[in-house]
Amino acid sequence: MPELPEVETIRRLLAEGRRGGPPLPGQRITGAQVLWERTVAEPDAALFVARVTGQEILSLGRRGKYLRLNLSRDVLLIHLRMSGDLWLEPLEEPPHRHHRVIFDLSSGYRLGFNNARKFGRLWLVEDPAPWLDKLGPEPLDEAFTVTDFYARLHPRRRRLKPLLLDQTFLAGLGNIYTDEALHRAHLHPLRIANTLTVQEAAALLDSIRFVLREGLRQNGASIDWVYRGGGFQNTFQVYQRTGQPCHTCGTPIRRIIVGQRSTHFCPRCQPLRE
DNA sequence: ACGAGCGCCTGTCGGC
DNA sequence: TGCCGACAGGCGCTCG
């Protein structure tokens with residue numbers, strides 16, 4: 001589900017009080033409940049509840065697809081995986097049935113970790129470095145240059161699609177934005193990374209940044225019952241457009257499976273060479 | 001290093 | 001209407 005633009009959109013809305021309740025920073029967690037045990041990866045659920053209760057939310061950050069709630073004592077890391085979301089709702093209302101962990105807040109609202117497919121995870125830790133340090137560069141970080149990107153691509157013999165989905169290579173891309181970026185860069189998803197020229201690497205980084213920024217501008221994509229409200233889905237060029245004409249050349253978009261993931265591309269605009 | 005297969009889960013959709 | 005398979009924005013694991 002959520003990729004970098006969706007996670008960042010949720011972060012912004014929660015930080016700014018535009019997600020159905022007041023801004024999270026400045027609120028105190030007055031209680032918590034774990035409704036699906038496996039959601040809490042660390043520490044165990046009982047300790048998690050005891051330790052998070054009483055802490056104040058100071059600020060919200062993001063690294064790759066991880067949301068980071070900086071609390072007065074600890075850091076709460078949240079990974080939404082396929083279907084996770086964070087909701088604010090008044091305490092008087094009953095919790096939504098897909099909430100897996102809920103936090104009662106001093107403002108009279110509840111923060112619900114909503115997660116139909118139960119893949120999402122929370123970690124309450126003093127130091128998030130062991131998780132975040134494994135991640136590759138932030139694609140939108142201005143300090144990350146084409147030269148850096150080419151240097152990372154060059155030693156790799158993996159196909160572009162699985163490589164771009166690898167969060168230790170680059171942090172934040174998922175299935176939608178990877179397909180869209182490859183299409184925009186005219187690169188075939190099966191192209192081997194170390195065959196790219198510097199110019200192709202530059203085009204790819206440009207395209208990655210373009211589609212991510214466009215997703216952010218549209219408040220993310222929302223292709224089903226999760227994330228209604230995002231507008232990026234209306235600008236998909238290839239994702240979920242199997243058989244429909246390419247907006248550039250009219251050739252039907254093809255769908256193949258790469259690394260067990262659906263992969264969409266235009267066989268004419270993204271030829272496989274070398 | 002790399003890829004394939006599988007597990008984790010619930011829900012939706014299309015075909016019969 | 002009901003049933004059944006395919007599919008879904010992610011990622012960790014094992015095994016070649």
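1. Of the 10 residues of helix 6 (residues 175-184), 9 are buried, so this helix is largely enclosed by the rest of the structure. Here buried stands for a relative accessible area under 20%, exposed for over 50% and partly exposed for what lies in between, computed with a 1.4 Å probe on protein chains only. Helices are DSSP runs of H or I with at least four residues, strands are runs of E with at least two, and both are numbered from the N terminus. The buried members of helix 6 are N175, I176, Y177, T178, D179, E180, A181, L182 and H183. Their cover includes helix 1, helix 5 (160-165), helix 7 (198-217) and strand 11 (261-265), where contact means heavy atoms within 4.5 Å. After helix 6 comes H186, which has a positive phi near 60°.

2. A word on the basis of these values: this is a predicted model, in which local features need pLDDT of at least 70 and side-chain atom pairs count only at pLDDT 80 or more, while totals for chains, interfaces and linings use all residues. Residues are numbered from 1 along each chain as its sequence is written, chains are lettered from A and ligands numbered from 1 in the order in which they are written, and side-chain values use heavy atoms, with hydrogens and water left out.

3. Which residues are the closest to DNA strand B? They are H98, R117, R156, R157 and Q260, among 14 residues that surround the strand, a residue being near a strand if one of its heavy atoms lies within 4 Å of it. By class, the surface near DNA strand B has 8 charged, 4 nonpolar and 2 polar residues; Asp, Glu, Lys and Arg count as charged, Ala, Val, Leu, Ile, Met, Phe, Trp, Tyr, Cys and Pro as nonpolar, and the others, Gly among them, as polar.

4. Seen from the DNA side, 72% of the atoms of strand B within 4 Å of the protein belong to sugar or phosphate, and the rest belong to bases. An N or O atom in the side chain of R156 is 2.4 Å from a phosphate oxygen of DNA strand B, and a polar backbone atom of R157 is 2.6 Å from a phosphate oxygen of that strand. The side chain of Q260, by contrast, places an N or O atom 2.6 Å from a base nitrogen of DNA strand B.

5. N115, in strand 8 (residues 109-115), has 0% relative accessibility and therefore counts as buried. Its side chain is joined to that of S83 by a polar contact of 3.2 Å, the term meaning a pair of N or O atoms within 3.5 Å, of which, within protein, one must be able to donate a hydrogen and the other to accept it, with residues adjacent in sequence counting only if both atoms are side-chain atoms. Leaving aside residues up to four places away in sequence, N115 touches L80, S83, G84, H98, R100 and G120.

6. The salt bridges come to 15, by a rule that asks for a side-chain nitrogen of Lys or Arg within 4 Å of a carboxyl oxygen of Asp or Glu. E8 pairs in this way with R11, with the closest N and O atoms 2.9 Å apart, and R12 forms a salt bridge with E8 at 3.2 Å. Within helix 1 (residues 4-16), E8 and R11 are 3 residues apart and thus separated by about one helical turn, while R12 and E8, 4 residues apart, are also separated by about one helical turn. An α-helix has 3.6 residues a turn, so residues three or four places apart point the same way. E8 is buried at 9% relative accessibility and R11 is buried at 18%, whereas R12 is partly exposed at 31%. A network of salt bridges links E8, R11, R12, R62, R63 and E138.

7. A further salt bridge joins E200 to R191, the closest N and O atoms being 2.9 Å apart. Both ends are buried, E200 with a relative accessible area of 19% and R191 with one of 2%.

8. How many disulfides does a search of the whole structure find? The search finds 0, a disulfide being a pair of cysteine sulfur atoms within 2.5 Å. The sulfur of C246 has its closest cysteine sulfur in C269, at 3.7 Å, which is too far for a bond, and the sulfur of C266 has its closest in C249, at 3.6 Å, again too far. C246 is buried at 4% relative accessible area, and C266 is buried at 0%.
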